[in-house]
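Work through the exercises below with the structure open. Try each task before you read its solution.

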Amino acid sequence: MAISDQTTPNIPMKLDIGEQRQARITGTVLIGLSILVALVFAMDSDGLAVFRLSRTTDALPLPNLAVPAQSFNYLVSAVLAFLGVRQFARGGARWTSLSLGIGMAIAVAAFLVWATAGKSFSLTGMLQATVVRAVPIALGGLAGVLCERVAVVNIAIEGMLLAGAFTGALVGSLLGGIPGLAAAIAIGGLFGFILAALVVSYRMDQIIAGVVINLFVLGLTSYVSSQVFQEYRTLNNAPVFRAYKIPLLGDIPVIGPMLFQQNLFVYGALIMVAVSTYYLFYTRRGLRARAVGEHPRAADTLGINVYRIRYINVTLGGMVAGFGGAWFTLGSVGRFDENMTGGRGYIGLAAMIFGRWHPVGALLAALVFGFADSMQQKLALLQTPIPSEFLAMAPYIATIIVVAGFVGRARAPAADGKPYIKE
Amino acid sequence: MNVELRGITKSFGPVIANSDVTLDIRAGEVLGLLGENGAGKSTLMNVLCGLYQPNAGEIRIDGRPVTFNGPGAAIEAGIGMVHQHFMLVPVFTVAENVVLGVEPVGKLDFLDLKKASDQVRAIKDQYGLEVDPDALIETLPVGVQQRVEIIKVLFRSAQVLILDEPTAVLTPQEVEEFFQIIKALRDAGKALVFITHKLNEILQIADRISVLRQGRITGSGDPKTMTTKDLAEMMVGRPVSFDVTKQPFAPGKDLLKIENLTVLHENSEIAVNQINFSVRSGEIIGIAGVQGNGQTALVEALAGLRHITSGTVTYQDHDITHSSARARHRMGIAHIPEDRQRTGIIPSFTVAENMVLDTYYDTRFSSRGQIKWDIVNEAAARGAVEFDVRTPSVFSAAGHLSGGNQQKLVVARELSRDTEMLLAAQPTRGLDVGSIEYIHERLIHARDEGDGVLIVSSELDEILALSDRILVMFKGNIIAEFENGDGQADKNEVGLAMAGAAP
């Protein structure tokens with residue numbers, strides 16, 4: 001006997017009102033950008049903007065990319081205006097996000113062309129720095145993904161990064177790079193375990209537990225670095241992992257320097273993102289972890305140990321953050337400075353949300369932030385009329401707009417932040 | 001497989017949920033377990049499926065005593081539970097939900113979803129449970145989600161299936177289909193326990209009935225020889241009247257007029273789509289419909305709790321489309337919200353405080369910004385007596401009252417003002433028979449006094465019993481209207497409309 005399928009699906013009814021509003025806002029933003037590009041960037045641009053794609057030492061040199069600045073920017077302005085008007089005429093859900101994304105990207109390109117007009121600028125160098133600077137943010141975001149997928153909000157990523165940076169420097173100075181890295185991962189894992197114990201077993205408020213860890217780590221590391229490291233400088237003089245060029249792949253123009261002429265931390269971050277994606281979305285353990293984050297009681301009724309899975313994932317997240325923390329010391333300067341993570345852990349959380357709680361998404365979002373970071377740094381050398389602090393702000397503002405545009409559709413794990421109480 | 005429960009006692013601190021309960025569950029049979037909310041049905045079944053440990057008594061499977069130290073152990077022993085609130089992950093597919101916990105895996109812990117889908121298909125074909133293994137749960141109607149729950153327990157080779165209030169969320173037609181499934185499973189030799197508080201359903205489907213009251217078995221028997229009256233008496237402990245007596249239907253003029261009303265969900269999707277109707281004085285309008293078809297948004301819009309996107313609401317010739325909730329209150333509109341725990345009362349406030357949530361600012365209860373507590377407490381005590389709110393004192397926290405008394409508290413607050421229009425959303429959901437009886441009386445009393453009453457309920461029997469006119473909501477639209485002034489509406493037709501088949 002077959003029972004027929006019901007004919008009353010609760011498929012949500014779409015109405016254009018919300019979409020239309022979004023399309024209108026997007027359209028306004030795009031047209032605003034178009035005017036900005038035309039009036040400021042295009043009118044003020046002169047001559048050629050030269051982007052260097054290769055360095056003299058490269059095996060396969062590419063010619064420089066020379067762009068006639070003013071014409072390019074008028075073109076960008078026209079495209080932006082077209083996209084904006086199109087939003088008003090016939091905006092749609094998919095097109096709206098896509099247009100916004102394209103619009104943002106070409107507006108940034110116009111900005112770069114304007115800043116470079118009449119000068120030359122190493123594009124490859126900037127992209128390489130983008131990847132490097134994205135590493136701690138991506139790892140912070142990945143740690144966030146691992147925790148929030150099992151419904152534990154991890155504000156303590158900042159503290160875990162800082163603990164990793166500190167421990168990496170200290171142990172690295174005493175025992176060398178590899179033991180330093182291992183110690184950084186271990187200390188991250190330890191703080192992950194402590195966070196899990198506080199919020200899973202003792203059901204402490206997750207935000208407060210995270211803040212407590214952050215303040216504790218900040219206070220302790222600041223004290224030690226100002227009191228002890230000042231006295232005994234040999235304790236804060238760790239070796240740095242050098243870049244390793246992967247044969248052949250490293251010789252590909254542009255891509256090679258970005259991805260295959262980097263140090264251990266870049267490769268490690270990429271591998272961790274890949275492994276985490278496999279773990280979360282293609283394995284039995286990942287399915288269970290996600291079930292715990294979405295509907296812990298359902299998982300519990302099926303005999304899945306909710307608490308153990310939360311402990312494991314949060315500890316793993318801590319280890320990832322500890323590794324990311326070591327980047328600050330063992331991956332760049334070899335020395336610990338007070339509060340040297342400077343809020344990258346929080347930016348990592350933003351990358352996690354922007355990346356929709358997916359490891360690859362978090363990585364891509366981190367690259368956006370990394371791009372912002374490296375562009376600001378490189379442009380400071382070009383002497384644009386804008387103070388570099390403002391340059392540093394602009395991409396974040398852009399990101400806020402993009403995140404706000406996406407916010408309706410990105411969905412956190414359903415049980416995120418809620419402690420699970422067994423009956 | 002036969003399961004015996006012998007002398008099961010389970011208490012939570014001082015509260016005894018089950019006391020010396022003895023039950024037999026037999027293969028090839030449907031055992032109906034009847035009881036009011038809070039009678040201990042769910043606790044008993046949670047003991048059986050390993051979520052709770054009993055304080056005393058034992059469980060025997062085919063004569064052998066067993067103990068379950070967790071849900072996993074009960075599943076292994078062949079006992080599966082379909083929970084009242086589905087235990088499904090909305091963003092997972094059917095197959096992912098079914099195999100969760102017993103997943104087919106390959107190398108490197110790889111989750112073999114293709115194999116999982118095939119396994120689900122095999123079960124689906126074996127028992128005739130139509131469902132797409134690759135569909136996302138959140139896109140499926142509730143009736144199909146329930147099928148997934150059943151497949152889930154069958155997938156774990158359950159021989160005993162416990163169904164906790166399985167029909168609460170279904171349309172009448174879905175209930176019929178569901179009963180077909182139950183019969184098919186019974187004929188396949190499974191033992192089923194059907195838990196409910198609905199008398200008609202239990203008589204229709206059960207082979208044997210046991211009634212639970214206040215944690216004890218108060219009666220059992222053969223459904224062929226039992227009537228709803230017998231069962232109700234066993235369940236409540238006193239004779240219950242099912243008859244609703246109303247004054248003859250004599251509606252007055254239009255009180256509340258709704259024109260082209262459109263309301264959105266939080267996510268900008270349409271909840272209520274350009275609907276028109278009016279409520280006259282001395283009339284009960286019943287909005288029937290399966291939950292989630294826009295009823296909640298409609299009532300919230302009328303109560304002033306949700307922005308009205310377009311259309312107008314007129315009350316006694318005043319345009320109140322954009323009036324605040326308080327303005328509407330003061331004009332005589334009362335609102336019994338759908339979720340009393342979240343919007344009806346403030347659980348940590350006292351009974352007295354809850355009683356004046358809507359009038360505390362009135363000069364009767366406060367002067368110069370200070371609340372006159374002695375007057376409030378006195379008024380609350382009077383209200384509690386008048387509306388039969390059983391509470392140790394007006395200083396008790398409202399959250400400590402039973403569901404029925406919480407609801408009576410809400411009714412007391414809303415109706416002790418001078419009202420002319422009453423919006424009642426799911427007014428008796430989850431209440432015991434006694435409280436339902438009382439609240440129905442109050443609603444009819446309001447109507448007989450000349451108030452307009454709008455009732456939203458997913459219980460079709462309730463709608464049919466109370467309403468003078470029935471509107472059926474489906475996907476945000478009113479797709480059918482039935483006159484019911486003399487109880488002439490046809491249950492089957494209304495049920496079909498609830499499923500989306502416009503007459």
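**Overall build**

Chain A has 15 helices and five strands; these are DSSP runs, numbered from the N terminus, with helices being H or I of at least four residues and strands E of at least two. This is a predicted model, in which local features need pLDDT of at least 70, side-chain atom pairs count only at pLDDT 80 or more, and totals for chains, interfaces and linings use all residues. Residues are numbered from 1 along each chain as its sequence is written, while chains are lettered from A and ligands numbered from 1 in the order in which they are written.

**Exercise 1. Judge how compact chain A is against the globule rule.**

Step 1. Take the radius of gyration over C-alpha atoms; the rule is 2.2 Å times the number of residues to the power 0.38.
Step 2. For 423 residues the rule gives 22 Å, and chain A has 24 Å.
Step 3. The two values are close, so chain A is as compact as a globular protein of that length.
Step 4. Check burial: 49% of the 423 residues are buried. Buried means 20 or more other C-beta atoms within 10 Å of the residue's own, exposed means 12 or fewer, and partly exposed lies in between, with C-beta atoms placed from the backbone.

**Exercise 2. Describe how domain 1 of chain A meets domain 2 of chain A.**

Step 1. Set the bounds: domain 1 covers 16-118 and domain 2 covers 128-386. Such bounds come from an automatic or database domain assignment.
Step 2. Their C-alpha centres lie 32 Å apart.
Step 3. Count contacts (C-beta atoms, placed from the backbone, within 7 Å). Eight residues of domain 1 touch six residues of domain 2.

**Exercise 3. Find which side of helix α9 of chain A is buried.**

Step 1. Test the length. The 19 residues of α9 (264-282) should span 27 Å at 1.5 Å a residue, and the end C-alpha atoms are 26 Å apart, which agrees. The expected span is 1.5 Å times one less than the number of residues.
Step 2. List buried residues of α9(A), including F265(A), M272(A), Y279(A) and L280(A).
Step 3. The buried residues cover an arc of only 155° around the axis, which puts them on the same side of α9(A). The arc is that of the directions from the helix axis to the C-beta atoms.
Step 4. On the other side, I271(A) and V275(A) are exposed.
Step 5. Name the partners: the buried residues pack against α4, β5, α10, α12 and α14 of chain A.

Conventions:
Contact = placed C-beta atoms within 7 Å.
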